[in-house]
Amino acid sequence: MNMIAKLDTDITPGGPDYDTVRRVIELISEEYRDQPSLEAIAARLNQSPTQLQKTFTRWAGLSPKAFLQAVTLDHAKRLLRKEEMPLLETSIEVGLSGPSRLHDLFVTHEAMSPGEWKAKGGGLTIRYGFHNCPFGAALVMVTDRGLAGLAFSDSGDEKACLEDMTCRWPNAEYIEDRQGTAPYAERIFQPGRWTSDQPLRVVLIGTDFQVRVWQSLLKIPFGKAVTYSDIARDIGRPTAMRAVGAAVGANPISFVVPCHRALGKNGALTGYHWGLTRKRAMLGWESAHA
DNA sequence: GTTTTCGTTATTG
DNA sequence: CAATAACGAAAAC
């Protein structure tokens with residue numbers, strides 16, 4: 001169980017370095033087939049190779065070249081490779097409401113009752129705030145029962161991001177409270193603090209089917225990946241892989257519920273609500289720190 | 001190999 | 001009820 005020593009926080013959304021990193025990943029995502037060299041990438045961004053190397057490595061913990069490797073189809077397939085049997089099946093048993101360990105972040109989760117789900121958030125008070133994280137501006141949403149939402153945006157479209165999330169539970173009451181949400185953000189994005197003695201509490205608000213899918217996602221270990229059909233099988237509905245995809249995409253607590261670890265059967269990244277670039281960034285980042 | 005076609009199923013309008 | 005979707009397998013090029 002590797003603990004990530006420390007997460008660099010000096011590359012923040014909106015800053016020039018963050019933008020550089022984002023563009024590098026974007027470029028790599030689109031052209032990884034051509035295996036562009038560091039020089040080529042730097043030239044495209046009008047930067048010196050050494051400068052770029054330094055900036056990127058500070059963010060990812062590995063060079064652009066190595067990141068490119070990590071993002072290749074070939075590598076994605078390796079993540080899928082099930083060395084032993086299980087992964088999902090033998091993972092720590094998670095009940096409807098119980099502790100589980102996801103990528104070394106310890107989490108207890110509970111599901112909302114169907115009634116509460118139908119109320120579309122009615123009677124629920126949700127405090128929210130934006131915080132900087134390695135993957136952009138993170139929108140953190142918490143209720144008195146725990147973390148309920150986590151979304152991402154690039155600087156500029158925070159408004160759309162917030163709207164995207166509030167639309168999911170239109171009847172809830174929303175209060176901006178960065179003070180209140182800050183501890184969650186720190187906890188989530190500082191892996192050094194991932195401990196089991198005080199698990200992160202999350203509350204899953206969704207349909208019965210969705211909640212089952214999300215619980216399945218929570219069983220995927222850090223740095224690994226599974227297939228949509230793996231999940232379908234795990235929840236006892238082996239032919240519902242497509243519906244699983246929809247449910248994964250509807251996951252309101254991205255990253256914490258690691259929906260970025262769900263790949264197509266051939267290792268292709270099939271989609272991501274917050275942008276494929278971000279999905280690749282997360283997978284590459286995890287590969288680097290695994 | 002790659003593209004198209006069709007089966008499946010939980011949501012949404 | 002019809003349309004849709006972050007899939008997948010099989011058929012067809």
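A residue is called buried under 20% relative accessible area, exposed over 50%, and partly exposed in between, using a 1.4 Å probe and protein chains only. With 41% relative accessibility, Met241 therefore counts as partly exposed.

This is a predicted model, in which local features need pLDDT of at least 70 and side-chain atom pairs count only at pLDDT 80 or more, while totals for chains, interfaces and linings use all residues. Residues are numbered from 1 along each chain as its sequence is written, chains are lettered from A and ligands numbered from 1 in the order in which they are written, and side-chain values use heavy atoms, with hydrogens and water left out.

Let us stay with Met241 for a moment. Met241 is found in helix 11; helices here are DSSP runs of H or I with at least four residues, numbered from the N terminus. Contact means heavy atoms within 4.5 Å, and, leaving aside neighbours within four places in sequence, Met241 is in contact with Tyr228, Ser229 and Ala232. Ser229 is 12 residues from Met241 in sequence, with 4.8 Å between their C-alpha atoms.

Now to the DNA. A residue is near a strand if one of its heavy atoms lies within 4 Å of it. Around DNA strand B are Thr207, Phe209, Gln210, Arg237, Thr239, Ala240, Arg242 and Ala243. Helix 9 (208-217) and helix 11 (241-249) each supply at least two residues of this surface. Of the strand B atoms within 4 Å of the protein, 72% belong to sugar or phosphate and the rest to bases.

DNA strand C is surrounded by 15 residues, the closest being Thr227, Tyr228, Arg242, Lys265 and His273. For this strand, sugar and phosphate account for 45% of the atoms within 4 Å of the protein.

Which polar contacts link protein and DNA? The table lists some, each a pair of N or O atoms within 3.5 Å.

| Protein atom | DNA atom | Distance |
|---|---|---|
| Thr207, polar side-chain atom | strand B, phosphate oxygen | 2.2 Å |
| Thr239, side-chain N or O | strand B, phosphate oxygen | 3.0 Å |
| Arg242, side-chain N or O | strand B, base oxygen | 2.7 Å |
| Ser229, backbone N or O | strand C, phosphate oxygen | 3.3 Å |
| Gly271, backbone N or O | strand C, base nitrogen | 3.2 Å |
| His273, backbone N or O | strand C, base nitrogen | 3.1 Å |

Helix 10 (228-234) and helix 11 are the elements that give two or more residues to the surface near DNA strand C. Helix 11 gives the most, with five residues.

Methods
Polar contact = N/O pair within 3.5 Å; in protein donor to acceptor, adjacent residues only side chain to side chain.
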